Amino acid sequence: MTREEIIKQVEKCILNDSQNTYGTPENNIQTIADFWNTYLGIKDLEFMLTPKDVAIMMLLLKVARMKSSPEHLDNYVDCAGYSIIAGSL
């Protein structure tokens, strides 16, 4: 896959496919942060996970998957997408 193809795939994923399925990235990531904070029992605002934390942790998940399956291009697309989302938050 070329860089241009990866960029087009990331754009399609962030702006169309995922957004049409899960809602805007900002809303979806906020929902994940809320669930993770509840699951972890975090109540102190100082320690609560933010949407940016979630996007970065999802990016790290994709990096771990890239290590296990370096040939699986979807992880690179998702990693770029989460990086864009984190940068925009």
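Begin by selecting Ser 88, which is found in helix α4. The model on display is a predicted one. Ser 88 is partly exposed, since its relative accessible area of 48% falls below the 50% cut-off for exposed residues. Next add Lys 52 to the selection: the two residues are 36 apart along the chain, and their C-alpha atoms are separated by 8.7 Å.

**The chain as a whole**

Zoom out until the entire chain is in view. It contains 4 helices and 0 strands, and from the N terminus on the order of elements is α-α-α-α. Along the principal axes, the C-alpha atoms occupy a box of roughly 45 × 30 × 20 Å. Of the 89 residues, 26% are buried. Among contacts with a separation of 6 or more, 47% join residues that are 24 or more positions apart.

Colour the chain by pLDDT. The average is 89, and 99% of the residues score at least 70. Which helix has the lowest confidence, and which the highest? The lowest mean, 78, belongs to α1, and the highest, 95, to helix α3 (residues 51-68). Where pLDDT is low, the predicted coordinates should not be read in detail.

**Helix α4**

Return to α4 and select residues 73-88. Does the length of this helix, when compared with its expected span, agree or disagree? At 1.5 Å a residue, its 16 residues should span 22 Å; the C-alpha atoms at its ends are 23 Å apart, which agrees.

Now show the side chains of the buried residues of α4: Asn 75, Val 77, Asp 78, Cys 79, Gly 81, Tyr 82, Ile 85 and Ala 86. Centre the view on Asn 75, which lies in this helix. Is Asn 75 buried or exposed? Asn 75 counts as buried because its relative accessibility is 4%, and the cut-off is under 20%. Once residues up to four places away in sequence are set aside, Asn 75 touches Lys 62, Arg 65, Met 66 and Ser 69.

**Helix α2**

From Asn 75, draw a distance to Tyr 39. The two are 36 residues apart in sequence and 26 Å apart in space, C-alpha to C-alpha. Tyr 39 has its place in helix α2. With a relative accessibility of 73%, Tyr 39 counts as exposed, because the cut-off is over 50%.

Remain in helix α2 and select Trp 36. Its relative accessible area is 29%, so Trp 36 is partly exposed. Which residues are in contact with Trp 36, leaving aside its neighbours within four places in sequence? They are Leu 49, Val 54, Met 57 and Met 58. A second distance may be drawn from Trp 36 to Val 63: these residues are 27 apart along the chain, and their C-alpha atoms are separated by 20 Å.

**Cys 13 and the largest pocket**

Move to Cys 13, whose place is in helix α1. Apart from its neighbours within four places in sequence, Cys 13 is in contact with Ser 18, Gln 19 and Asp 78. Asp 78 has already appeared among the buried residues of α4. For a longer view across the chain, add Leu 49: it is 36 residues from Cys 13 along the chain, with the C-alpha atoms separated by 24 Å.

Cys 13 also leads to the final stop, the largest pocket. Display a surface here. Rolling a probe the size of a water molecule over the atoms shows where empty space is left. The largest pocket holds about 380 Å³ of space. How many residues line the largest pocket, and which lie nearest its centre? The lining has 18 residues, and those nearest the centre are Cys 13, Ser 18, Tyr 22, Tyr 82 and Ile 85. The elements that give two or more residues to this lining are α1 (3-22), α2 (25-40) and α4. The greatest contribution comes from α1, with 6 residues.

Finally, colour the lining by residue class. It comprises 11 nonpolar, 6 polar and 1 charged residues. Two of the residues nearest the centre, Tyr 82 and Ile 85, were also met among the buried residues of α4. When inspecting the α1 side of the pocket, recall that the mean confidence of the chain is lowest in α1, at 78.

Note on methods
Residues numbered from 1 in each chain as written. Predicted model: local features only at pLDDT ≥ 70, side-chain atom pairs only at ≥ 80, totals over all residues. Heavy atoms only, no water. Expected span 1.5 Å × (residues − 1). Buried < 20%, exposed > 50% of the residue type's maximum accessible area, 1.4 Å probe, protein only. 1 Å grid on protein atoms, 1.4 Å probe; cavity = no way out; pocket = protein on both sides within 12 Å on 5 of 7 lines; lining within 4 Å. Points joined across faces, edges and corners; volume = space filled by probe spheres on them. Nonpolar A, V, L, I, M, F, W, Y, C, P; charged D, E, K, R; others polar. Contact = heavy atoms within 4.5 Å. pLDDT = per-residue confidence, 0-100.
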